[in-house]
2 protein chains.
Amino acid sequence: MRDLARDARWLSINTATTRGQWDLRQAIDGVARAGIAGISPWRDQLQAMGVAAAAAAIRANGLVVTGLCRGGMFTEFDRAGLARALDDNRRAVDEAAAIGARCLVLVVGGLAPRSRDLAAARALVRDGIAALLPHARAAGVPLAIEPLHPMYAADRACINTLAEANDLCDALGEGVGVAIDVYHVWWDRALEREIARAGRAGRILAYHVCDWLVPTRDLLLDRGMMGDGVIDLKRIRSWIEAAGYAGSCEVEIFSRENWWKRPGEEVLATCIERYRRVC
Amino acid sequence: MRDLARDARWLSINTATTRGQWDLRQAIDGVARAGIAGISPWRDQLQAMGVAAAAAAIRANGLVVTGLCRGGMFTEFDRAGLARALDDNRRAVDEAAAIGARCLVLVVGGLAPRSRDLAAARALVRDGIAALLPHARAAGVPLAIEPLHPMYAADRACINTLAEANDLCDALGEGVGVAIDVYHVWWDRALEREIARAGRAGRILAYHVCDWLVPTRDLLLDRGMMGDGVIDLKRIRSWIEAAGYAGSCEVEIFSRENWWKRPGEEVLATCIERYRRVC
């Protein structure tokens, strides 16, 4: 395993982590000032700043863009509305290309409106990604399917295990891979095997870290800082690296009541310290 | 599929559903008054009423006891404390036998204290159930492993899919089966296959229903009434019945802000109406 204690070369900050206190311009400045190598913006923040201005600021600070969050949501308007979802996803691909993002992270969408049919949602997601792929391939932007925790199956993503994401990648071919976020997959007894499988296929496009708090007080906005919860981060990273991944550890923490209320500099300093010690 | 619209013969009420308003004596009376066939008590309520008094009241009202909730928590004191957990589980078996429960439901426990090792927790659970089995077999009480939603992996149960529960049953042999609660497993793409597998082995000991609300406001205490959420209840019951299950639909709803605040009679009347129409 790589020794993370020495520098922050493989650390990246997903801007969701400082969403409570910083806009994207502040986040770019803050990340660069902290000596962190990478950043991963969210689209709403990117659009608020302006894609060209953000691309210039990221370039000027020499930051690696480990991903753009997020495309997907193919089920948002049900099957009849897939074309609308695809239009938005093509724009997301273009934005990812404009800022030099290593991948476009896909949160694929949950059940379609007024539907209880998970199998239909999963078929719609498969068809949506297939329809998006030609544009993504032409733009040189890999699509990263992020399996989300089963507690988000209804409203955010109906792809809920790494095995499902791997199967989907197998079916879709070149240009699509996975984003592995420990928060979503840490509980899965098949995790080591499926990480190895993703590695063999060369499709691990991103690795996200945070922690699972006990108790967790909110389904969405109570993620923990690495080391404050129960996820065995070093063990999972050992699997990821054994699978050939040599990219960044991207910190993505949604924390309305804690980290979003602290000064951004403190959040980033804590991210660095935890990355060095517990990731 | 059985026609549930005609009577409440296969309906059972888990007393967690009326925990906010009724003790066990009131729940037994209320369930019997409503013409519901089955009940499934929790141990704390059973002990508060007294096991002998509860057994007599249940018998006097002619109720079927579809389960006792709950044994398990084998990881509560870590491996060194397993003997304590086993003592309590043997008492749970005896209580289940005393009230004529069809099974003792096992919520197996999450991570051991100060541990991040899920594999170790799973091994401890396997060893705990194996150690409990001779007592359960002698008492004639089947043990029902309930896979819990992955969002409870840390603090309640490290068995998080029906596939895991089935594997565990395969390893443990006679006297152990599964309790299938739609709330915990509805998201799982392997659900139909694993229900069929459990059915082939004759090990579906209980079937629990409620619904998954969107949004869900609390990880533990915001379950929905059947029909108010997104779970495809009829489809899952079709799988369960195709697998040979002919037992009860047991309603188990933890709902601090809604159903626990309403009169018990209203809750039960709603359970009956939804059982007939949407289960």
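1. Let's start with the pair of chains. In this predicted model, a turn of 180° together with a shift of 0.0 Å along the axis lays chain B on chain A, with an RMSD of 0.0 Å. That makes the relation one of a two-fold axis. The two copies also use the same surface, as 100% of the contact residues of chain B recur in chain A.

2. Now the contact itself. On the chain B side 22 residues are in contact, and they meet 22 residues of chain A. Sorted by class, the side of chain B that touches chain A comes out as 13 nonpolar, six charged and three polar residues.

3. Inside chain B, have a look at strand β7, residues 176-181. Is this strand mostly covered or exposed? Mostly covered: six of the six residues in β7(B) are buried.

4. One partner of β7(B) is strand β6 of chain B, residues 143-145; the two run parallel and are joined by three bridges. If you want a spot to click on, Ala144(B) has Gly177(B) in β7(B) as its bridge partner. To get from β6(B) to β7(B), the chain passes through helix α6 of chain B, residues 162-172, and this β-α-β crossover is right-handed.

5. β7(B) also pairs with strand β8 of chain B, residues 204-209, again in the parallel sense, this time over four bridges. Here Ile180(B) is the residue to pick, with Tyr207(B) in β8(B) as its bridge partner. So much for the strands: β7(B) pairs with β6(B) and with β8(B).

Methods
Residues are numbered from 1 along each chain as its sequence is written. Chains are lettered from A and ligands numbered from 1 in the order in which they are written. This is a predicted model: local features need pLDDT of at least 70, side-chain atom pairs count only at pLDDT 80 or more; totals for chains, interfaces and linings use all residues. A residue is buried if 20 or more other C-beta atoms lie within 10 Å of its own, exposed if 12 or fewer, and partly exposed in between; C-beta atoms are placed from the backbone. Two strands pair if DSSP finds at least two bridges between them. A crossover is right-handed if, with the strands pointing away from the viewer, the path from the first strand over the helix to the second runs clockwise. Copies are superposed by least squares on the C-alpha atoms of residues with pLDDT of at least 70 in both. Two residues are in contact if their C-beta atoms, placed from the backbone, lie within 7 Å. Ala, Val, Leu, Ile, Met, Phe, Trp, Tyr, Cys and Pro count as nonpolar, Asp, Glu, Lys and Arg as charged, and the others, Gly among them, as polar.
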